[in-house]
Amino acid sequence: MPTPTAPAYTRPALAPGLLGALALVVGVVLLDSGLFIGFRYVVSILALIMLVFAVRGRTWWATPLLAAVAVIWNPVVVIPITGQPWAALQFVAAGVFIAVGVVVKVPTDEAGTTGRAATRR
């Protein structure tokens, strides 16, 4: 039986992406509620966390999408979008969260240190 090896990469944005998508879908129900501000905080914070993972994984196309989600769902400076466009944006952002969560791969430390150790003396 072969010995197990450490994976070359991880998908650290998958959990925040799924949580963010879940929050966005649940947030559609609470659009006109006072609780929606809490969902705006959750979505914008998770978008920024995923943005960091996208930069670490060098998935550059995802950075402007996640930055746009973080800005639009920012609860401090509210962008006045209401009605059907806002509900549609909720589902579009949920799709972005899931897609970015699946695509972003960050190299593990074991995979990254083998190349650096050979160049360092």
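Is Val-103 buried, partly exposed or exposed? Val-103 is partly exposed, with a relative accessible area of 40%. That residue lies in helix α4 and belongs to a nonpolar patch on the surface. The model described here is predicted. The points below cover the patch, the nonpolar core, helix α2 and the region around Ala-8.

**Surface patch**

- The nonpolar surface patch covers about 570 Å².
- Its members are Leu-14, Leu-18, Trp-61, Leu-65, Ile-98, Val-102 and Val-103.
- Two helices, α1 (residues 14-29) and α4 (residues 84-103), each supply at least two residues of the patch.
- The most is given by α4, which contributes three residues.
- Val-103 counts as partly exposed because its relative accessible area of 40% falls between the 20% limit for buried and the 50% limit for exposed.

**Nonpolar core**

- The largest nonpolar core has 26 residues.
- Leu-66, Trp-73 and Phe-97 have the most contacts inside this core.
- At least two residues of the core come from each of α1, α2 (36-56), α3 (62-72) and α4.
- Helix α2 gives the most to the core, with nine residues.
- Leaving aside neighbours within four places in sequence, Phe-97 is in contact with Pro-16, Gly-17, Gly-20, Ala-21, Leu-24, Val-43, Leu-46, Ala-47, Met-50, Leu-66 and Val-69.
- Leu-66 thus appears both among the contacts of Phe-97 and among the residues with the most contacts inside the core.

**Helix α2**

- The 21 residues of α2 should span 30 Å at 1.5 Å a residue, and the end C-alpha atoms are 30 Å apart, so the two values agree.
- The buried residues of α2 are Phe-36, Phe-39, Arg-40, Val-43, Ser-44, Leu-46, Ala-47, Met-50, Leu-51, Phe-53 and Ala-54.
- In an α-helix there are 3.6 residues a turn, so residues three or four places apart point the same way.
- Cover for the buried residues of α2 includes α1, α3, α4 and β2 (106-107).
- Val-43, Leu-46, Ala-47 and Met-50 are among those buried residues, and Phe-97 is in contact with each of these four.
- After α2 comes Arg-58, which has a positive phi, near 55 degrees.

**Ala-8 and Lys-105**

- Ala-8 sits in the segment before β1 (9-10).
- Ala-8 is partly exposed, with a relative accessible area of 46%.
- Ala-8 and Lys-105 are 97 residues apart along the chain, and their C-alpha atoms are separated by 9.4 Å.

Notes:
Residues numbered from 1 in each chain as written. Predicted model: local features only at pLDDT ≥ 70, side-chain atom pairs only at ≥ 80, totals over all residues. Heavy atoms only, no water. Patch = residues over 30% accessible without salt bridge, like charges linked within 9 Å, V, L, I, M, F, W, Y side chains within 5 Å. Areas by Shrake-Rupley, 256 points an atom, 1.4 Å probe, with all protein chains shown as cover. Salt bridge = Lys/Arg side-chain N within 4 Å of Asp/Glu carboxyl O. Helix = DSSP H or I, 4+ residues; strand = E, 2+ residues; numbered from the N terminus. Buried < 20%, exposed > 50% of the residue type's maximum accessible area, 1.4 Å probe, protein only. Core = buried A, V, L, I, M, F, W, Y, C linked by side-chain atoms within 4.5 Å. Contact = heavy atoms within 4.5 Å. Expected span 1.5 Å × (residues − 1).
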